[in-house]
Amino acid sequence: MGMSGLAPIRKRENTLKGRLAAFAAMGALAAALAGCASEAEREKLASLPCPSVGILANTETLTVYEGNGRDITDVVVSAEIEEAVTACEYDLDDGIIYVDIAFRGTADLGPAATSRQVKVPVFIALTETSSRVLRKEVRELTLSFGGASRKVGFVHSIEETKVPYVPPFDGSAYEMLVGFQLTKDQLEANRAEGR
């Protein structure tokens, strides 16, 4: 799936306070700022914004089928990304913002699954707020279904993504987008279903 046509972004509030606690995989970044920084430096760093985060429209759901089938009995796995959050730390000396991203969702194991572990592709993209893509990375997310469960919740974190920091621009000039890396057919199916 290309990253053209980024205009229809389903925005997520970057409400890190309160929600970040729900993401056990994300550590608190405040401790890293303690060290030898002065109180004034800590206040300045704390006031700088993180890049916003969003789930790219039509990429929040994924259904994987066995072979060419499209019946419900051919479903290997279906999954949905429900929420994403960011936390960040500025390195003023090196001109870098280190961004941690976490997203959570749910997945259902389908009748055509032959394993209790299924790998699905996800992406993270760094864009300018004007939606110009600066870079994109695709990763595999392993979904593990324990015992007899056919439904699982998942949390995935990506730590220390480097974002350039060149004053007067700060983290608010960027947006981090996440979603499932879809084939052309999967993307078209999601669009047709209004996902």
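## Lys119 and its surroundings

Lys119 is found in strand S6 of this predicted model. With a relative accessibility of 53%, Lys119 counts as exposed, because the cut-off for that label is over 50%. Leaving aside the neighbours within four places in sequence, Lys119 is in contact with Glu140, Leu141 and Thr142. A further distance describes the same region: the C-alpha atoms of Lys119 and Arg139 are separated by 9.8 Å, although these two residues stand 20 residues apart along the chain.

One of the contact partners of Lys119 also pairs with it by charge, since Glu140 and Lys119 form a salt bridge in which the closest N and O atoms are 3.9 Å apart. This pair links distant parts of the chain, with Glu140 in strand S7 (residues 133-144) and Lys119 in strand S6 (residues 117-128), 21 residues apart. Both Glu140 and Lys119 are exposed.

## A salt-bridge network around Arg104

Which residues are joined with Arg104 into one network by salt bridges that share partners? They are Glu82 and Glu83, and the two pairs can be taken in turn. The side chains of Arg104 and Glu82 meet in a salt bridge with an N to O distance of 2.8 Å. Here, too, distant parts of the chain are linked, as Arg104 belongs to strand S5 (residues 96-109) and Glu82 to strand S4 (residues 75-91), with their positions 22 residues apart in the numbering. In the second pair, Glu83 forms a salt bridge with Arg104, and the closest N and O atoms are 3.0 Å apart. Because Glu83 lies in strand S4 and Arg104 in strand S5, this salt bridge ties together parts of the chain that are 21 residues apart in sequence.

The members of the network do not share one level of exposure: Arg104 is partly exposed, with a relative accessible area of 32%, and Glu82, at 26% relative accessibility, also counts as partly exposed. Glu83, on the other hand, has a relative accessibility of 9% and therefore counts as buried, since buried means under 20%. For the structure as a whole, the count comes to six salt bridges, among them the pairs described above.

## The disulfide

The structure holds one disulfide, which is formed by Cys50 and Cys88, with their sulfur atoms 2.1 Å apart. The torsion about the S-S bond of these two residues is about -95 degrees, so the disulfide is left-handed. The pair links distant parts of the chain, because Cys50 sits in the loop between helix H3 (39-47) and strand S2 (52-56), whereas Cys88 is in strand S4, 38 residues apart from Cys50. At 14% relative accessibility, Cys88 counts as buried. Strand S4 thus appears again here, as it also holds Glu82 and Glu83.

## The chain as a whole

The secondary structure of the chain comes to four helices and nine strands, and, when read along the sequence, these elements follow the pattern β-α-α-α-β-β-β-β-β-β-β-β-α. How much of the chain counts as buried? Of its 195 residues, 42% do.

Among the contacts in the chain with a separation of 6 or more, 74% are accounted for by residues that stand 24 or more positions apart. The accessible surface of the chain comes to about 10300 Å², and 51% of this surface belongs to carbon and sulfur atoms.

Note on methods
Residues numbered from 1 in each chain as written. Predicted model: local features only at pLDDT ≥ 70, side-chain atom pairs only at ≥ 80, totals over all residues. Heavy atoms only, no water. Salt bridge = Lys/Arg side-chain N within 4 Å of Asp/Glu carboxyl O. Helix = DSSP H or I, 4+ residues; strand = E, 2+ residues; numbered from the N terminus. Buried < 20%, exposed > 50% of the residue type's maximum accessible area, 1.4 Å probe, protein only. Contact = heavy atoms within 4.5 Å. Areas by Shrake-Rupley, 256 points an atom, 1.4 Å probe, with all protein chains shown as cover. Disulfide = S-S within 2.5 Å.
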